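Here is a short briefing on one protein chain. Please look over the sequence and the model before reading on.

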Amino acid sequence: MARPRTWILALLAVTVIVGGGALAVTSGVFAGDYEWTTVTVVDDDTDAELATVDARIADTFDKRYTGLSNTSSLGPNEGMLFIHNSEGRRGYVMRDMAFPIDIVFIDADGEITTIHHAEPDDNQTFRGTAKYVLEVPYNYTTDNDIAVGDRIEIPAEYR
């Protein structure tokens with residue numbers, strides 16, 4: 001009879017450990033939890049492609065709240081695309097950020113409405129009208145001649 005009791009205790013210990021890990025996953029976001037997509041930035045005047053960004057998708061409250069705060073850096077053409085249910089006035093902060101970024105606010109039609117260059121120690125809220133917000137490496141928009149009025153082409157499954 002000692003053996004079944006040992007199995008039950010071992011199973012209970014594994015359940016507690018795994019259960020605790022499951023709680024951590026639902027209360028925070030880990031890199032493996034993100035879907036990825038590629039968005040294309042297009043010049044409003046010429047329709048020329050200015051850049052492409054491989055972006056993690058933040059489409060839930062928890063993922064939008066966490067944002068890039070658990071990320072140590074972004075690659076050259078990497079970012080995060082925040083997706084909201086509707087267009088509205090949005091505010092973004094640099095909560096627990098380790099590196100600077102550009103914050104690009106995008107309306108429901110894909111037009112860039114506002115661009116902010118944000119430093120980790122900026123203690124302010126960056127605001128703009130958006131259904132989507134794209135965060136990219138610092139000065140990415142400047143380096144790629146991206147401006148207010150240009151368009152972001154977002155794949156249909158995320159519109």
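How many aromatic pairs does a search of the whole structure find? The search finds three. The model is a predicted one. Its chain has three helices and seven strands. In sequence order the pattern is α-β-β-α-β-β-β-β-α-β. Of the 159 residues, 42% count as buried.

**Aromatic pairs**

- Phe61 and Tyr65 form a stacked pair, with 6.0 Å centre to centre and 25° between the planes.
- Both residues belong to helix α2, and because they are four residues apart there, about one helical turn separates them.
- Phe61 is exposed, at a relative accessible area of 59%.
- Tyr65 is partly exposed, at 45%.
- Tyr92 and Phe105 pair edge-to-face, with centres 5.8 Å apart and planes at 85°.
- This second pair links distant parts of the chain: Tyr92 is in strand β3 and Phe105 is in strand β4 (residues 101–106), 13 residues apart.
- Tyr92 is buried, with a relative accessible area of 8%.
- Phe105 is buried too, with a relative accessible area of 0%.
- Buried means under 20% relative accessible area, so Tyr92 at 8% qualifies and Phe105 at 0% qualifies.
- Ring pairs join Phe82, Tyr92 and Phe105 into a cluster.

**Arginines over rings**

- Arg95 lies over the face of Tyr65, at 3.9 Å from the ring centre.
- Tyr65 is thus a partner in the stacked pair with Phe61 and also has Arg95 over its face.
- Arg56 lies over the face of Tyr34, at 6.0 Å from the ring centre.

**The largest pocket**

- The largest pocket has a volume of about 310 Å³.
- Its lining has 16 residues, and those closest to the centre are Arg64, Tyr65, Gly91, Tyr92 and Arg95.
- Tyr65 and Arg95, both on that list, are also the ring and the arginine of the 3.9 Å contact.
- Tyr92, also on the list, is the buried ring that pairs with Phe105.
- Helix α2 (61–66) and strand β3 (78–92) each supply at least two residues of the lining.
- By class, the lining comprises eight nonpolar, five polar and three charged residues.

**The largest cavity**

- How many cavities of 30 Å³ or more does a search of the whole structure find? The search finds one.
- The largest cavity has a volume of about 40 Å³.
- Its lining consists of Val41, Val53, Val104, Ile112, Leu134, Val136, Tyr140, Thr141, Ile146 and Ile152.
- Strand β6 (126–137) and helix α3 (140–143) are the elements that give two or more residues to this lining.
- Nine of the lining residues are nonpolar, one is polar and none is charged.

**Strand β6 and its partners**

- Strand β6 is mostly covered, with ten of its twelve residues buried.
- Strands β3 and β6 run antiparallel and are joined by nine bridges.
- Leu81 stands opposite Leu134 in β6.
- Leu134 is also among the residues that line the largest cavity.
- Strands β4 and β6 run antiparallel as well, joined by six bridges.
- Ile103 stands opposite Glu135 in β6.
- In a regular strand, side chains alternate between the two faces of the sheet.
- Leu134 and Val136 in the cavity lining flank Glu135, the residue opposite Ile103.

**A loop contact across the sequence**

- Where does Thr46 lie? Thr46 is in the loop between β1 (36–42) and β2 (49–58).
- Thr46 counts as exposed, because its relative accessibility is 54% and the cut-off for exposed is over 50%.
- Thr46 and Asp150 are 104 residues apart along the chain, and their C-alpha atoms are separated by 9.7 Å.

**Points to carry away**

- Tyr65 recurs: it stacks with Phe61, sits under Arg95 and is among the residues closest to the pocket centre.
- Tyr92 recurs as well: it pairs with Phe105, belongs to the cluster with Phe82 and is among the residues closest to the pocket centre.
- Strand β6 is bridged to β3, is bridged to β4 and gives two or more residues to the cavity lining.

How values were computed. Residues numbered from 1 in each chain as written. Predicted model: local features only at pLDDT ≥ 70, side-chain atom pairs only at ≥ 80, totals over all residues. Heavy atoms only, no water. 1 Å grid on protein atoms, 1.4 Å probe; cavity = no way out; pocket = protein on both sides within 12 Å on 5 of 7 lines; lining within 4 Å. Points joined across faces, edges and corners; volume = space filled by probe spheres on them. Nonpolar A, V, L, I, M, F, W, Y, C, P; charged D, E, K, R; others polar. Phe/Tyr/Trp six-rings, centres within 6.5 Å; stacked < 30°, edge-to-face > 60°. Buried < 20%, exposed > 50% of the residue type's maximum accessible area, 1.4 Å probe, protein only. Lys NZ or Arg CZ within 6 Å of the ring centre and 35° of its normal. Pairing = 2+ DSSP bridges.
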